[in-house]
Structures are given as structure tokens and as C-alpha cells.
Amino acid sequence: MDGRQLARTATGRGGFPGLRAGVRSAAVLAAGLLALTACGGGSDAADAADASAKGDRGGDKAATATRSVEHDAGTAEKVPAQPKRIVSVSVTMTGHLLALDAPVIASQATPPSVITDQQGFFSQWSDAAAENSVKVAYQGFEPDVEKVLALKPDLIVGASSGAENAEKFYDKLSVVAPTLLYRHDDVSWQDLTARLGKDLGLEERASEVVAAHDKRVGEVKAAITVPKQPAALVRDNQSAMTVFTPESAQGRLLTSLGFTVLEPPAGKGQTQGGRSDFAEFSQEKVADTAKDSSLLFVSHTPEEITAATARPVWKDLPAVEDKRVYDLGLDTFRLDYYSAGNLIDKIEKAFG
């Protein structure tokens, strides 16, 4: 997700308006859940009939099997071995779920912007969401528990990092359905995909997705010529410059393609919450940080890149003078299977 969009719009909806005190919260939410469950027999029957029509194997036992799953906010009990109605409370996680063909019925959406469609779904996977009839669960960065409840999920998946971090809502969400929350900021999308595949019973599909990506990486790596200078993965925030480290998802992907990714000077930048995927530097330190590196801009419009490189602290950099400035695309702040593929396409075009 584009960090600027998150910073500007992370105001949320405030969650379930009726949940204002601990005991009353649980009582109200539990009552709502019981009411929906009581009138949901037809939906359960429809789900069973649908499973039969699709030729699901394993019978009733497999359909009702549950297990415990450890995730980044704790351990969830009674997680369906074969979930059928997943609600994503993280627009970042939704892309990972769609790549796995997970049964996502609805997702959190962000306020629409240049990196989303009109609903607030990320552009790189909005077509996949439409093909799978994924609805907007709510718009905003704090879970709207009441709307999630109305969707009758059998599993909720969300984030424990980023602007849509749902950890403080975990107890409320867990009353609605088993809930799994994951960090996505300092892990490669491949590792996250493999973990989701294991936790959702989609290991085979996860392996297929990663294998297809690895094949594409190998093809492009053999077809491009990378610059001799290190590649600085940067974002211009006007008051500061963000540098993505080799440990970031973007850095790992560039490394797999044969690039040497710039390691920002240790101890001279600011990180957030102990994160290892990026550091921020003041504009005055741009030259000392980037040095002779080629500049690869993460999540910028072409106009923003032109404006950044025209400013005094950037315009005399060797990369700007030698025209070693590259646009990695608007969808590269958060990598999933879809945006990683788009980034590879950009690299192939620029360096092929």
C-alpha cells in the first residue's frame, strides 16, 4: 500500500459503534452473532449444496474439520480446515488471498486513489476481485465489526502491521469468527503466501504461485543487463527520503533479479517500530545516502519522479545526470503476487 495514502487517510471508521464497554461489547456482539446464526440455516444448507455440486471430496467430516493455527496475534482455535467464507480486514492481505484462490467473499477497502479502483481495491488485483465477486466489506482502516458480522464469515484474515493493523480489534473479531492476523511489512510475499497456504489448507496452490513467479524471475534475469552501480530503492516524501533495504520485499525481488541493492547507512536513518525493511533520511542526506547508486523509485507517478529529481538535493546526483532513474510503478509499495509481477515487467522493459 502506498505509504502516503495510508498516512493521509488512516482515520478509519471507529469500528462497531455499539461496542463501548467490555462486558456490554461482548454481550451485544454475541447476541448479534446468535441472531444471525439462528436465521442462517438456509445459508448453511446452500453452502452444503454448493459444496456437493462442486464435487468437494472428503464429505461432511472434512467440511466441518477444524484446527488450531498460530498467527502473529496469537493462536486461533476452531479454524476451518476448508474455509468457505473468508472476510479480509486488510486490503493488503486480500491480494495474497486472491492469488491463492482462497474463498474471499468480502474485503476492507481504502479510500479510492491513484493506486486503487473506484471501490478502493488495489488496481493490481481489482480484476481478480471482480472475477471472484468480492464485495467491499467496509471502507476505512479500522475494522467495522458490525459489517463483518453481517457477512457471516467462517474465517477472518487481517494484518498485524501497517495502517490496517487489526490487533486492537482482535478480541471483537474473534467473537464473530476465528481470526488470523499476519505481519506483511518485513517478510517476502513468497514466504507470506507459503504461510497462508499452510494455514488455509492451500499448500498446493501456494507452491504453484511461487513456482510460477520463480520461473518468471529466472527468465527475466537471463534477459536483462543490470547496472554496475547499486540500486537504491527510494521514495521521495519531500521532507524525507525513504530507502528500502535489501531485506525488504522489494529488495529481495531486485536481488533475485541480479541487482545489488543499496544498504542504507546504519544508524543514520530513522526506522519505525524496529522495522528492517526501510529507513528514512532527511532530504539533506540524499547525496550522502544515495551516492552513485541508480535510483529506482517505488510507488510514484512519473510527474512526481520528475519533480523530485529536479530539486536541488537530487538534481546533481550522478544517477540523475546519467539518466539512471527508473520508475517501478505505483503498485510497488506493498508487494503481492500481482504487484510483484508488474514490477518484474517494469524491470524487463527498463533493463532488457
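Biologist: What volume does the largest cavity have?
Modeller: Keep in mind that this is a predicted model. The structure holds three cavities of 30 Å³ or more. For the largest cavity, the volume comes out at about 110 Å³.

Biologist: Which residues are the closest to the centre of the largest cavity?
Modeller: There are 15 residues lining it. By character, the lining splits into three charged, five polar and seven nonpolar residues. The ones closest to the centre are H184, V187, A249, R334 and L335.

Biologist: And which helices each supply at least two residues of that lining?
Modeller: A249, one of the residues closest to the centre of the cavity, belongs to a helix on the list, α11 (249–256). The full set with at least two lining residues each is α5 (91–99), α9 (189–200) and α11.

Biologist: What gives the most to the largest nonpolar core?
Modeller: That core has 48 residues, and L97, W125, L180 and Y182 have the most contacts inside it. Leaving out neighbours within four places in sequence, W125 touches V91, T94, G95 and L98, along with D336 and Y338. With five residues, the top contributor to the core is α5.

Biologist: How many residues are in the second, separate core?
Modeller: Among its members are F244, L257, L328 and I344. The size of this second core is 26 residues.

Biologist: D101 has a positive phi without being a glycine; is it buried or exposed?
Modeller: Its phi is near 60°, and D101 sits in the loop between α5 and β4 (104–109). The relative accessibility is 51%, and the cut-off for exposed is over 50%. So D101 counts as exposed.

Biologist: Where is Q238, which also isn't a glycine but has a positive phi?
Modeller: Phi is about 70° for Q238. Q238 is exposed, with a relative accessible area of 62%. Its place is the loop between β8 (231–236) and β9 (240–244).

Biologist: Why do the buried residues of α13 lie on the same side of the helix?
Modeller: The buried residues of α13 (302–310) are I305, A308 and T309. In general, an α-helix has 3.6 residues a turn, so residues three or four places apart point the same way. Here the buried residues are on the same side because they cover an arc of only 90° around the axis.

Biologist: Which residues are exposed on the other side of α13, then?
Modeller: The buried residues of α13 are covered by elements including β8, β11 (294–297), α14 (312–315), α15 (318–321) and β12 (325–327). On the other side, the exposed residues are E303, T306 and A310.

Key
Residues are numbered from 1 along each chain as its sequence is written. This is a predicted model: local features need pLDDT of at least 70, side-chain atom pairs count only at pLDDT 80 or more; totals for chains, interfaces and linings use all residues. Side-chain values use heavy atoms; hydrogens and water are left out. On a 1 Å grid over the protein atoms alone, a cavity is a set of points where a 1.4 Å probe fits but cannot get out, and a pocket is an open set with protein on both sides within 12 Å along at least five of seven lines; lining residues have an atom within 4 Å of a point. Grid points are joined across faces, edges and corners, and a volume is the space filled by probe spheres set on the points. Helices (H or I, at least four residues) and strands (E, at least two) are DSSP runs, numbered from the N terminus. Ala, Val, Leu, Ile, Met, Phe, Trp, Tyr, Cys and Pro count as nonpolar, Asp, Glu, Lys and Arg as charged, and the others, Gly among them, as polar. A nonpolar core is a set of buried Ala, Val, Leu, Ile, Met, Phe, Trp, Tyr and Cys residues joined through side-chain atoms within 4.5 Å. Buried means under 20% relative accessible area, exposed over 50%, partly exposed in between (1.4 Å probe, protein chains only). Contact means heavy atoms within 4.5 Å. The arc is that of the directions from the helix axis to the C-beta atoms.
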